[in-house]
Amino acid sequence: ISTHSVSGVSSSSKYFQTSRRVYKGLKDFGRKFIDQELFNQSLDNWISENYGVDQVTGEQTVLKPLFLTDELRKLDLALEGVLFQQLFRMPCSPLASKSAKEDVYHALEDFLHVIVNGLWRTFWRKSGPPPFSLSCFHHPGSKFYAVEKAILRGRLEELRGLALISENGNNLKVHWNQVVELVLFRQNILSGNELKLSVSTICEALFYGVHILISRCLRKSRTISDDSVFIMVFDSKFGAVIKLGGDLSKLELNTGDPYQSMAHWIKCHAEVLLSSVETIWNRLGNANWGDLGTLQVLLATFYSIVQCNGPPRKSISSLASAHSLRLQKRRIECRLAENENAKIPYQQDGYQHGEIVELDHSDNPLVKNTTHLKLRQGEILLLEDQQQGQKSFQIQESFIGGNYFLYGAISLDYPTQLLTLYVGAHPSRLEPSWEDMSLWYQVQRQTKVLNILKHQGVSSKYLPEVIASGRILHPGPCKKQSPSGRCDHPRCGTPILVTLPVGEPLSYIVARDGPFSSDDALRCCRDCLVALRSAATASVQHGDISPENIIRVFNMQGTRHKVLYIPVSWGRAVLEDRDSPAINLQFSSSHALQHGKLCPASDAESLVYLLFFVTGGRMHPQDSIESALQWREKSWATRSIQQHLGEVSPLLKAFSDYVDSLCGTPYPVDYDIWVKRLNRAVDGSGSADRDWKMWPSLQGPLEVVLNFHFKLLDRSSKETFCFVFPFL
């Protein structure tokens with residue numbers, strides 16, 4: 001929830017059994033603790049001395065800030081795209097008339113309702129109403145009323161604010177121990193002309209906070225954390241959040257003056273945190289969504305719901321991580337727009353700086369247009385699919401991956417699902433441009449491979465799914481002579497592939513967030529092996545395993561596996577012996593670099609290099625096949641790859657040793673046994689890692705055996721030695 005223990009929900013709060021004597025003492029204390037003025041008198045001097053910044057030293061005093069700026073910024077990114085709409089406006093002059101006071105509480109209720117509903121649907125459950133309600137109150141211990149009911153009874157003048165109530169089954173009677181968070185409304189919360197809370201406002205918030213904490217300690221079933229409570233204070237323009245927390249077992253109950261006793265507890269044993277005072281509503285009465293004031297209220301409400309209902313299904317960090325992808329796509333959109341509007345024509349990546357290129361000045365528009373086909377956001381694309389007929393897609397976002405153009409799009413038939421749309425090269429350009437041949441692999445060849453997997457019944461959530469494939473139908477008249485032909489329009493006949501799902505490539509994730517944790521690395525290994533196993537049943541090898549071709553997808557439908565790692569870009573897959581895999585100096589297998597072909601364990605070897613990279617292993621850039629082979633030979637001989645992966649997980653070290661024993665041999669990878677062991681580790685049982693805890697004790701003898709194996713096995717020769725390790 002938060003790495004900041006002050007503002008986050010405390011993980012060290014302890015549940016203590018209340019004895020009958022302590023229970024009776026707390027109950028009597030709560031009955032006596034009813035005079036707010038006496039409480040203010042015992043605490044106002046201490047608040048005045050400790051609220052704000054010391055004028056001499058410049059250091060923050062006892063009453064410290066509640067939220068970190070990074071926390072608010074991360075929440076802002078996580079809530080990007082979430083609609084918060086307050087329909088009731090906050091009156092500018094709340095106490096001018098009776099009707100204005102009614103409007104104040106309607107606006108306050110609507111404001112809180114929008115916040116709770118938006119947070120619940122974003123982080124917990126998309127469907128169904130939140131298990132909370134909003135009620136108004138008069139004083140500590142008073143009954144709770146709906147706003148409309150309080151207005152009808154003429155008790156508007158007595159109202160002090162609203163409370164977020166946790167619903168308790170079918171029990172209609174609401175108690176103070178069900179208060180999740182409290183909202184106080186005052187005519188003015190500021191201290192004179194300064195943008196800070198007045199002492200009386202802070203005292204009143206602490207007075208109500210103490211009553212809530214005592215009520216929580218006195219209830220039989222404790223569903224809400226006892227150690228802290230958030231209180232919000234508002235007027236018609238400004239707002240702030242106060243957090244009161246502490247262990248009430250340290251409160252002196254047997255004293256004649258409960259107010260001095262409580263003041264001593266707050267000064268010595270409690271923690272009082274205050275947010276900055278910020279503008280909540282503008283002059284028109286609209287909430288400033290996305291500004292600091294509303295973000296502080298949102299974060300306090302989020303933590304309050306966590307206290308009551310436990311951790312959310314989606315964390316703030318996971319939702320905020322998608323901002324970087326959206327930002328990257330937006331930058332690329334702007335860059336594409338700049339290229340289109342530039343006076344200097346766009347130069348293809350294939351032409352190096354200073355290279356002399358002969359230009360053909362013919363009138364053919366396909367030759368004149370040296371740029372690839374670019375689609376704009378919001379553009380409708382009509383696709384002719386031979387099997388499904390005509391289908392329409394709308395471009396939502398775009399980004400460039402390698403030498404091919406990739407878009408996020410939605411189907412107009414099912415607009416709720418974001419799809420991946422590959423745009424190929426026009427058939428007339430495949431011969432002169434090597435880059436357009438790369439597009440051919442990404443679109444036409446990948447379409448063929450994915451359709452082969454589909455027709456052979458290979459289906460897995462770890463494999464991309466073909467939604468549609470075909471050719472673009474351009475607007476206007478088409479002069480093609482046959483259904484399979486094409487006219488001279490630049491878009492006519494351009495191939496399109498639409499797949500699921502959409503995700504972030506691992507190369508981008510590592511560059512942004514740093515190395516993977518042990519859990520993420522194990523899950524990535526397991527997911528990729530499941531995908532490779534499924535493809536192997538159809539005699540298909542990926543042939544291009546690299547961080548750019550593995551995407552991370554957040555599975556929003558299930559709760560057990562929230563993150564999936566899916567191999568994409570199956571255009572260089574090997575279907576038969578004559579097929580050649582992609583050559584990647586950092587991630588291709590040794591056999592692929594040396595012979596231009598794959599051995600049965602080539603994909604698994606590339607996966608080991610990928611795991612080494614995403615977990616922080618140092619991979620030096622290679623400038624030739626020879627240097628790449630030398631790095632692999634040295635790394636396997638010195639066992640640097642296994643040692644690094646062993647620091648991440650013993651199971652990954654064992655897997656890399658297993659793959660090393662198969663490199664360059666005709667023996668296939670036993671995907672089943674490794675998927676089974678990785679499943680145990682990923683599912684949290686821990687048995688898989690415990691099975692491999694014997695590796696440190698066997699490390700010495702094992703290295704001797706493996707070194708002996710390395711000396712005997714000559715990968716360049718046709719002779720193969722097989723060693724069987726029973727404990728594997």
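**Surface, helix packing and two buried strand residues**

The protein exposes about 36,100 Å², and carbon and sulfur atoms supply 50% of this area. The model is predicted. Its 728 residues include a buried share of 50%. The secondary structure comprises 22 helices and 19 strands. Contacts between residues 24 or more positions apart make up 67% of those with a separation of 6 or more.

One helix pair was examined in detail. Helix α16 spans residues 602-614, and helix α18 spans residues 640-648. Their axes lie 10 Å apart. The packing angle is about 55°. This value falls outside the ranges for roughly parallel (under 35 degrees), roughly perpendicular (65 to 115) and roughly antiparallel (over 145). The two helices, α16 and α18, are therefore oblique to each other. The crossing of α16 past α18 is left-handed. On the α16 side, the residues that meet α18 are Val 608, Tyr 609, Leu 611 and Phe 612. Helix α18 contributes Ser 640, Ile 641, His 644 and Leu 645. By class, six residues in this contact are nonpolar and two are polar. No charged residue takes part.

Two strand residues were then considered. Tyr 407 lies in strand β13, which covers residues 404-411. Its relative accessible area is 1%. Residues under 20% count as buried, so Tyr 407 is buried. Beyond residues up to four places away in sequence, Tyr 407 touches Leu 373, Lys 374 and Leu 375. Its contacts also include Ile 395, Glu 397 and Ser 398. A further group is formed by Leu 419, Thr 420, Leu 421 and Val 423. Of these partners, Leu 419 is twelve residues from Tyr 407 in sequence. The C-alpha atoms of Tyr 407 and Leu 419 are 8.2 Å apart.

Arg 552 belongs to strand β18, residues 550-554. The relative accessible area of Arg 552 is 13%. By the 20% cut-off, Arg 552 is therefore also buried. Neighbours within four places in sequence aside, Arg 552 is in contact with Ser 321. Contacts of Arg 552 also include Gly 503, Glu 504, Leu 506 and Ile 509. Arg 512 and Asp 513 are among its partners too. So are Val 563, Leu 564 and Tyr 565. Leu 506 and Arg 552 are 46 residues apart along the chain. Their C-alpha atoms are separated by 6.8 Å.

Notes. Residues numbered from 1 in each chain as written. Predicted model: local features only at pLDDT ≥ 70, side-chain atom pairs only at ≥ 80, totals over all residues. Heavy atoms only, no water. Helix = DSSP H or I, 4+ residues; strand = E, 2+ residues; numbered from the N terminus. Buried < 20%, exposed > 50% of the residue type's maximum accessible area, 1.4 Å probe, protein only. Contact = heavy atoms within 4.5 Å. Areas by Shrake-Rupley, 256 points an atom, 1.4 Å probe, with all protein chains shown as cover. Axes fitted to C-alpha atoms, helices over the stretch in contact; angles between N-to-C directions. Left-handed = near helix turned anticlockwise from the far one by under 90°. Nonpolar A, V, L, I, M, F, W, Y, C, P; charged D, E, K, R; others polar.
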